[in-house]
Amino acid sequence: MKIIVCLKQVPKNDSILRINEQGTWIQDRDLTYEINESDQYALEAALQLKEKHGGEVIALSLGPARVQTVIKEALARGADRGIHLEDATLDNLDAFGISTAIAAAAKAEGFDLLLTGLQSDDYGYAQTGVIAAELLGLPHATIVMDVQATDGGIRVKRELENGFFQWVSMPAPAVLTIQSGINTLRYATLKGIMAAKKKEIKKLDAAGLGLDTASLTPKMQFRRVYVPVKSKQTQFLEGSPAEVAAKLIEKLKNEARVF
Amino acid sequence: MSLSFNLTDEQWQIKKSVREFAEAEIKPHVQEWDEAQHFPRELFAKMGALGLTGVLFPEEYGGAGMGYVEYALIIEELSRIDGAIGLSVAAHNSLCTNHLYQYGTAAQRERFVTPLAKGEKLGAWALTEPGSGSDASGMKTQAIPRDGGWVINGAKNFITHGISADTAVVLAITNREMRSRGISAFIVEHGAKGFLAGKKENKLGVRASETASLIFEDCWVPKENLLGEPGRGFVNAMQILDGGRISIAALALGIAQGAYESALKYAQERKQFGQPIFDFQGIQFKLADMATQIDAARLLIWRAAWMKDNKQQTTRESAMAKLYASEIAVKVCEEAIQIHGGYGYTKDYPPEKHWRDSKICTIGEGTSEVQRLVIARQLLTS
């Protein structure tokens, strides 16, 4: 089974978060980075499938030079090789643009399964895998908790709402978005870290992927990022208990809009 | 001379992986193990799978084939969470297993180093005796040739893994008149007749690391268990300690780092007089001193480790790193408690344990006073 796992580098959850001078996003220089949480579970799911059924696991990441650490970490944990999509024109894309680049790289490589995490810890769109599947014309399943290989395809367990689950049989190749916490992440061993030095990381840019970067101009943009303003207002209602209750309900309904 | 303070990508990854392991597998149990004085033997299998039980040894002997820089990073990261585990891993790697690897024959390496490096077996290294600590050559334990082997009689004290070890390297006198040049090293396996574990020490700190005495009563070992040349045991042991001291320095560094991080976080969260206590200059100065001392210790350790990896004599540099790191660790931990105020004096916050753990670093593998002697002697020879 040939599996491509998409890994996003996101700010560490204990990073110092300060809004940048333009007020459009958080300040880069204060950040330290890590692999997006659900992507780590996607990588582990891929490694376990490879151990069971053989094949190859390819770690794919898009971003500036610093995302190489994400790919190297995946290689140290057991991925066979890496693909780094690095191009200044691919920075600051929206979910559609990122999915387009990933779909192009995955198509060129060929695969049985393309895995992403359920959603990223920074933007949290939960769209990358779904859009990539649509662009590739492939079936997809989201919020996947288990993946089993079957004859000619796969069977996946999806998480629904309210504690319900759903098993779905689908053909391969397919795109899956993986839920966090579904397996036990492995540590990179000392031998794995040293072995990773010899593994290939292929670099691809927009031209190499045949992308029309003009068409990837973000269709969405951040106008302003801000910390919610805390406010507190106290009002004293007067009258008989019945009158106070009626006023309270009116205020909750029309001012606080809790109904 | 090239001078760089940048870790390689691989070294960063090692640090990160060990940190993840320590935070997930050790941190949840630190207080429980400490209070119960429980030595988590089972943790060694997990650490073995990561490669932490054979850091310095080639892959052909089941090791990870790393150097002292990586080794120091690993001990620091383990000790940042629990000094007891850092100490156990240090004693297993750079004392017992390293003595076997450095001075063992090919057959001894194959038989003893491989299972130790893989974490399948646990090692101990026995030099100190009830009557000889700093004056190690004043030992009384004796080995005399008999029946194609050696018979060992005597007692060893304060031995890490004294009860649980599968393999012990034991220093004993083989020629009393030759004094320090009449000491040899022997491999004694768990279960050997006449090899008994004595009492487990009830310690101030590093309580999850097992420390016990060893008793030898007519303990016979075959001649193949003589380790290194007869009469070279003490000299070899001193060379082993040159490397071992780097790991004790890293142990002290990790303990100090853990206490410092706790103090830095607490200072930003704790409010008094309407502001975080970090905003008071008195607290800022303490944290600035702590950070500076930790950095200076780390640089001394990295220098000694780098020199060791480059096959240079590190007697002076290892002693300097060990002396400085262990002394600042005690100070940093004490200041961390002070910053935590009353809470720092309780077991609800980490610095109390870090402080207790730190003290062993100024005593074990050569006291601070012995380190100063070693450094001073080197000043006259270099």
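## Starting with a strand residue

Here a residue is called buried when its relative accessible area is under 20%, exposed when the figure is over 50%, and partly exposed in between. Val168(A) has 22% relative accessibility, so this residue counts as partly exposed. Keep in mind as you look around that the model is a predicted one.

Val168(A) sits in strand S9 of chain A, which covers residues 165-171. If you skip the neighbours within four places in sequence, Val168(A) is in contact with Ile154(A), Arg155(A), Val156(A) and Arg158(A). Take Val156(A) from that group: 12 residues separate Val156(A) from Val168(A) in sequence, and their C-alpha atoms are 5.3 Å apart in space.

## Chain A as a whole

Now step back and take in the whole of chain A. The chain has 6 helices and 11 strands, and its C-alpha atoms fill a box of roughly 80 × 45 × 40 Å along the principal axes. Of the 259 residues in chain A, 41% are buried.

The accessible surface of chain A is about 14400 Å², and carbon and sulfur atoms account for 51% of that area. As for how the chain meets itself, look at contacts between residues at least 6 apart in sequence: 68% of them join residues at least 24 apart.

## A helix and a patch in chain A

Which residues of helix H4 of chain A are buried? In this helix, residues 128-136, they are Gly129(A), Ile131(A), Ala132(A), Ala133(A) and Leu136(A). These buried residues pack against one helix, H3 (95-109), and against strands S6 (113-117), S7 (140-150) and S10 (174-178), in chain A. Right after H4(A) comes Gly137(A), with a positive phi near 70 degrees.

For something on the surface, find Ile19(A), Tyr226(A) and Val227(A). Together they form a nonpolar patch with about 300 Å² of accessible area. Ile19(A) belongs to the loop between strand S2 (9-11) and strand S3 (33-35) of chain A, and with a relative accessible area of 30% Ile19(A) is partly exposed.

## Two helices meeting in chain B

Over to chain B, and a pair of helices. Two packed helices are described by the angle between their axes and the distance between the axes. For helix H4 (residues 68-81) and helix H8 (residues 281-309) of chain B, the axes come within 7 Å and cross at roughly 145 degrees.

On the H4(B) side, the residues taking part are Tyr68(B), Val69(B), Glu70(B), Ala72(B), Leu73(B) and Glu76(B). Facing them from H8(B) are Arg298(B), Ile301(B), Trp302(B), Ala305(B), Trp306(B), Lys308(B) and Asp309(B). Sorted by kind, the residues of this contact are 8 nonpolar and 5 charged, with no polar ones.

## Glu76(B) and its partners

One residue from that contact is worth a closer look. Is Glu76(B) buried or exposed? With a relative accessible area of 2%, Glu76(B) is buried. Beyond its neighbours within four places in sequence, Glu76(B) is in contact with Lys15(B), Ala250(B), Leu253(B), Gly254(B), Gln257(B) and Arg298(B).

Side chains of opposite charge can pair when their charged atoms come close. Glu76(B) and Lys15(B) form a salt bridge, with their closest N and O atoms 3.9 Å apart. This pair links distant parts of the chain, 61 residues apart: Lys15(B) is in helix H1 (residues 9-26) of chain B and Glu76(B) in helix H4 of chain B. Lys15(B) is buried, just like Glu76(B).

## More salt bridges

The same two helices of chain B are joined by another pair. Arg19(B) forms a salt bridge with Glu77(B), where the closest N and O atoms are 2.8 Å apart. Arg19(B) lies in H1 and Glu77(B) in H4 of chain B, 58 residues apart. The two partners differ in cover: Arg19(B) is partly exposed at 26% relative accessibility, while Glu77(B) is buried at 0%. These pairs belong to a network of salt bridges that links Lys15(B), Arg19(B), Glu76(B), Glu77(B), Asp295(B) and Arg298(B).

Elsewhere in chain B, the side chains of Lys156(B) and Glu129(B) meet in a salt bridge at 2.9 Å, N to O. Lys156(B) lies in strand S3 (residues 149-160) and Glu129(B) in the loop between strand S1 (123-126) and strand S2 (142-146) of chain B, so the pair ties together parts 27 residues apart in sequence. Both Lys156(B) and Glu129(B) are buried. Over all chains, the count comes to 38 salt bridges.

Terms used:
Residues are numbered from 1 along each chain as its sequence is written. Chains are lettered from A and ligands numbered from 1 in the order in which they are written. Side-chain values use heavy atoms; hydrogens and water are left out. Patches are made of residues with over 30% relative accessible area and no salt bridge: like charges are joined within 9 Å, nonpolar side chains (Val, Leu, Ile, Met, Phe, Trp, Tyr) within 5 Å. Accessible areas come from the Shrake-Rupley method with a 1.4 Å probe; for residues, only the protein chains shown count as cover. A salt bridge is a side-chain nitrogen of Lys or Arg within 4 Å of a carboxyl oxygen of Asp or Glu. Helices (H or I, at least four residues) and strands (E, at least two) are DSSP runs, numbered from the N terminus. Buried means under 20% relative accessible area, exposed over 50%, partly exposed in between (1.4 Å probe, protein chains only). Axes are lines fitted to C-alpha atoms, for helices over the stretch in contact, and angles run from 0 to 180 degrees between N-to-C directions. Contact means heavy atoms within 4.5 Å. Ala, Val, Leu, Ile, Met, Phe, Trp, Tyr, Cys and Pro count as nonpolar, Asp, Glu, Lys and Arg as charged, and the others, Gly among them, as polar.
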